[in-house]
Amino acid sequence: MKVIYEKWWNNGNKVFSITNYKKSWKAVGNKPLFRFRTNGARKSKGHKCLDVNLEIGYTVFNYCNFNLQGN
């Protein structure tokens, strides 16, 4: 795993990162991916953490909000 970029803000409650997993994923036989994933968290449903990932090849773009409710 190689972290290319990582930015934290909002007192550590939010993070955006770009990480490359080429070496580790190839070592276990994973092929390049193209997919979008989320944990489906919604503020209106009372969820506390939103996690969103865009995976392109061996690179993952991630956004996470650990304080979705803003408390």
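Trainee: In this predicted model, is G40 buried, partly exposed or exposed?

Mentor: G40 lies in the loop between β3 and β4 (50-57). Its relative accessibility is 37%. Buried would require under 20% and exposed over 50%, so G40 counts as partly exposed.

Trainee: How far is the C-alpha atom of G40 from that of D51?

Mentor: G40 belongs to the loop between β3 and β4. Along the chain, G40 and D51 are 11 residues apart. The separation of their C-alpha atoms is 7.8 Å.

Trainee: Which elements make up the protein, and in what order do they run?

Mentor: The protein contains 1 helix and 5 strands. Read from the N terminus on, the order of the elements is β-β-α-β-β-β.

Trainee: In what order do the strands stand in the sheet?

Mentor: The sheet is open and its pairing is antiparallel. Its edge strands are β1 (2-9) and β3 (33-38), each of which pairs on one side only. Neighbouring strands are turned against each other by 10° on average, direction ignored. The 5 strands follow the order β1-β2-β5-β4-β3.

Trainee: Which residue of β2 stands opposite W9?

Mentor: Strand β1 pairs with strand β2 (residues 14-20) in the antiparallel sense, over 7 bridges. In this pairing, the residue of β2 opposite W9 is K14.

Trainee: Which residues are the bridge partners of E55?

Mentor: Strands β3 and β4 run antiparallel and are joined by 6 bridges; across them, E55 in β4 is the partner of R35. Strand β4 is also joined to strand β5 (residues 59-65), again antiparallel, by 7 bridges. In β5, the partner of E55 is V60. The two names asked for are therefore R35 and V60.

Trainee: How many residues lie between β4 and β5 in their hairpin?

Mentor: Strand β4 covers residues 50-57, and strand β5 covers residues 59-65. The two strands form a hairpin, and the number of residues between them is 1.

Trainee: Is T19 buried or exposed?

Mentor: T19 is found in strand β2. Not counting residues up to four places away in sequence, T19 touches M1, K2, V3, I4, Y58, T59 and V60. Its relative accessible area is 6%. Since the limit for a buried residue is under 20%, T19 is buried.

Trainee: How many disulfides does the model contain?

Mentor: A disulfide requires two cysteine sulfur atoms within 2.5 Å. For C49, the nearest cysteine sulfur is that of C64, 3.6 Å away. C64 likewise is in no disulfide, its nearest cysteine sulfur being that of C49. The count of disulfides is 0.

Trainee: Which accessibility class does each of C49 and C64 fall into?

Mentor: The relative accessibility of C49 is 28%, so C49 counts as partly exposed. For C64 the value is 5%, and C64 therefore counts as buried.

Trainee: Why is the protein described as more spread out than a compact globule?

Mentor: The C-alpha trace spans about 40 × 25 × 15 Å along its principal axes. For 71 residues the globule rule gives a radius of gyration of 11 Å. The protein is more spread out because its own radius of gyration is well over that value, at 14 Å.

Trainee: What share of the exposed area do carbon and sulfur atoms supply?

Mentor: Buried residues make up 25% of the 71 residues. The area that the protein exposes is about 5200 Å². Of this area, carbon and sulfur atoms supply 54%.

Note on methods: Residues numbered from 1 in each chain as written. Predicted model: local features only at pLDDT ≥ 70, side-chain atom pairs only at ≥ 80, totals over all residues. Heavy atoms only, no water. Pairing = 2+ DSSP bridges. Helix = DSSP H or I, 4+ residues; strand = E, 2+ residues; numbered from the N terminus. Axes fitted to C-alpha atoms, helices over the stretch in contact; angles between N-to-C directions. Buried < 20%, exposed > 50% of the residue type's maximum accessible area, 1.4 Å probe, protein only. Rg over C-alpha atoms; globule rule 2.2 N^0.38 Å. Areas by Shrake-Rupley, 256 points an atom, 1.4 Å probe, with all protein chains shown as cover. Contact = heavy atoms within 4.5 Å.
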